Amino acid sequence: MIALALTLATLQQQAPAGLPQDAEAVYPAMPVLTPAEGSGVTPVVTIHAATATLTKDTVTFESLTLYKNTSATEGEVNLDVDFGSYRSGFGSAIKVEGKWSDQPLPDPQIVVRTPESTDAGHYTLRYKLAMKKNATHSLRLKFTVPVGKSGVDREERLIAYRVRDLGQTPALEQFRLSVKYNSESVFVPIGATPDWGWQIGANGAYLKLDGRKSDKDSLLVFRYYPPSF
């Protein structure tokens, strides 16, 4: 009976919107910057550009985000770098390389990691940073996660990237996501969702969402067949 209950619980576990129900995936989220308690800064995201480079088994994400402090005061902010997991453990700790206004990120103050046994998990690193008054700061991140799997006999591959609710009124001036690959990593693309004007070719996929008001979470997913298919 216990085994049956566990099986039913697994079947009832719903995949995050955008992921196939049978997927196994670890996926990053767009970084989020919020004022620390008592801080008077008001950070606004103006530009976010990310590139995902595929190899046979991994995908390396590199991103640039520009944040503007629209307040005439300086203060501390919290940077959260988040990863989600659906039916896939995180394995070893995810190594994040980063720079804040061209200076290396400090060690994370908070690391939250859910048990490997859960179907849906989260991995979060929080950094304490400082913003100058009326200034624009750049954030560069780089990390590698496993390529996701789905489909019959786990033949399909996928990568996903979560666009966050930024909690701000101004729309993003620029949002870009590029997926880079070649014949050694991708045999044929299956497609990308949501259907927001993706451009998909033999060596890469590209999504441009300039002027998007990010007022809700959305999961961007690119699916393909590998050379072993």
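This report covers strand pairing and salt bridges in a predicted model.

## The four-strand sheet

Four strands form an open sheet. Their order is β11-β12-β17-β14, and the pairing is antiparallel. β11 (148-150) and β14 (188-193) stand at the edges. Each has a single partner strand, so one side of each lacks a neighbour in the sheet. On average, neighbouring strands of this sheet are turned by 30° against each other, direction ignored.

The pairing of β11 with β12 (residues 156-163) is antiparallel and runs over three bridges. One residue pair can be named here: Ser-150 has Glu-156 in β12 as its bridge partner. As background, strands of a sheet pair through backbone hydrogen bonds, either parallel or antiparallel.

## Strand β5 and its partners

Strand β5 spans residues 75-86 and is mostly covered. Of its twelve residues, eleven are buried.

β5 pairs with strand β1 (residues 25-28) in the antiparallel sense, over four bridges. Within this region, Ala-25 has Tyr-86 in β5 as its bridge partner. β5 also pairs with strand β2 (residues 32-35). That pairing is antiparallel too, over four bridges. Here Leu-33 stands opposite Leu-79 in β5.

## Salt bridges around Arg-154

The model has seven salt bridges in total. Two of them involve Arg-154, and they are taken together here.

Arg-154 meets Asp-22 in a salt bridge, at 4.0 Å from N to O. The two residues come from distant parts of the chain. Arg-154 sits in the loop between β11 and β12, and Asp-22 in the loop between α1 (2-12) and β1. They are 132 residues apart.

Arg-154 also forms a salt bridge with Glu-24. The closest N and O atoms of this pair are 3.4 Å apart. Glu-24 lies in the loop between α1 and β1, while Arg-154 lies in the loop between β11 and β12, so the pair ties together parts that are 130 residues apart in sequence. Asp-22, Glu-24 and Arg-154 are thus named as one network of salt bridges.

How buried or exposed are these residues? Arg-154 counts as partly exposed, at 25% relative accessibility. Asp-22 is partly exposed at 30%. Glu-24 is partly exposed at 31%. The class covers values that are neither under 20%, which is buried, nor over 50%, which is exposed.

## The Arg-176 and Asp-210 pair

Another salt bridge joins Arg-176 and Asp-210. Their closest N and O atoms are 2.7 Å apart. This pair also links distant parts of the chain. Arg-176 belongs to strand β13 (residues 174-180). Asp-210 is in the loop between β16 (204-208) and β17 (218-225). The separation is 34 residues.

Both partners have some accessible area: Arg-176 counts as partly exposed at 22% relative accessibility, and Asp-210 is partly exposed with a relative accessible area of 33%. The loop that holds Asp-210 leads to β17, a strand of the open four-strand sheet.

Methods
Residues numbered from 1 in each chain as written. Predicted model: local features only at pLDDT ≥ 70, side-chain atom pairs only at ≥ 80, totals over all residues. Heavy atoms only, no water. Pairing = 2+ DSSP bridges. Axes fitted to C-alpha atoms, helices over the stretch in contact; angles between N-to-C directions. Buried < 20%, exposed > 50% of the residue type's maximum accessible area, 1.4 Å probe, protein only. Salt bridge = Lys/Arg side-chain N within 4 Å of Asp/Glu carboxyl O.
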